[in-house]
Amino acid sequence: MKKSILLIVMLFVAFTSVAQKKKDLIKEVAQLKAEAAEMQASLAAMKKAQEVNLKDDLQGFSYAYGVSLGNNLKTLGIDSVSTNAFAAGVKDVMAGVEKLSVNESQIKVQNTIQKIQEEIAKKQSEEGNQFLAENGKRENVITTESGLQYEILKKGDGAIPKPNEKVKVHYTGTLINGKVFDSSVERGEPAVFGVTQVIKGWQEALQLMPVGSKWKVFIPQNLAYGQRGAGGGMIPPYAALVFEMEVLSIEK
């Protein structure tokens, strides 16, 4: 009898414990659902706050200024910033509690930009040198004393332009990765300019090309745009260039 009573008590305790755990579990699940719903609401509010209304004067100006500044940064070779730190800097200046003075900020910005551009320059220069070294090994490529390389695609039999003359030329310019940055062919209109009014690589090539010639010219960075680059960032600093050039005529 005592054993039966003890067994009943033990079963009762066990069932009570299970029931309590089930209640606790249901409570925890309900709490997790509530927290998830709250998180979803917060995310929705954050997403809505990030939406830009260009019709609003302040938001429109702010976004436009961001686009302008972002484009300038991209031109300088900077492809990412900490948006949180950037926003904090603007906010602190507006509140008059900035952590860096204007002079300190300018120095930091200039030093950072210089460092980034030096890294870009080193990479571009190394890539260009390697490309030209390999390209110069090809059978049909001729390398001049200056380092200019060219491949004759079509021989011309006309006069060779002189330094004081103007020429009409069709061309397509690319980076060594094949990306086109300028093309009179695509525009459908040849370019006319003085032989000495162009980059050094072109000057040298033009004074070697008889009218009617079509060459592929490979120009080292020091005979192209060097450290300044060109084209609003389309031609990076220290970039070697490739041009397909055709001398159509000497302009009188």
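Select helix 4 (102-135) to begin, since the tour opens at the second largest pocket of this predicted model, where helix 4 supplies the largest share of the lining, 5 residues. The volume of this second largest pocket is about 610 Å³, and among the 25 residues that line it, Gln124, Gly233, Met234, Ile235 and Pro236 are the closest to its centre. Add helix 2 to the selection, as helix 2 and helix 4 are the elements that give two or more residues to this lining, which by class holds 11 nonpolar, 10 polar and 4 charged residues.

Keep helix 2 (57-75) selected and turn to the largest pocket, to whose lining helix 2 gives the most, with 11 residues. The largest pocket has a volume of about 1,900 Å³, and of its 42 lining residues, Leu69, Ala85, Phe86, Ala87 and Val90 lie nearest the centre. Selecting helix 1 (2-50) and helix 3 (83-95) as well as helix 4 brings up further elements that each supply at least two residues of the lining, whose residues divide into 22 nonpolar, 13 polar and 7 charged.

Next, select strand 7 (residues 241-251), which is mostly covered, with 8 of its 11 residues buried. Display strand 3 (residues 166-175) beside strand 7, where 10 bridges join the two in an antiparallel arrangement, and pick out Gly173, whose bridge partner in strand 7 is Phe243. Then show strand 6 (residues 214-219), which also pairs with strand 7 in the antiparallel sense, over 6 bridges, and finish at Lys214, which stands opposite Glu246 in strand 7.

Definitions and conventions
Residues numbered from 1 in each chain as written. Predicted model: local features only at pLDDT ≥ 70, side-chain atom pairs only at ≥ 80, totals over all residues. Heavy atoms only, no water. Buried < 20%, exposed > 50% of the residue type's maximum accessible area, 1.4 Å probe, protein only. Helix = DSSP H or I, 4+ residues; strand = E, 2+ residues; numbered from the N terminus. Pairing = 2+ DSSP bridges. 1 Å grid on protein atoms, 1.4 Å probe; cavity = no way out; pocket = protein on both sides within 12 Å on 5 of 7 lines; lining within 4 Å. Points joined across faces, edges and corners; volume = space filled by probe spheres on them. Nonpolar A, V, L, I, M, F, W, Y, C, P; charged D, E, K, R; others polar.
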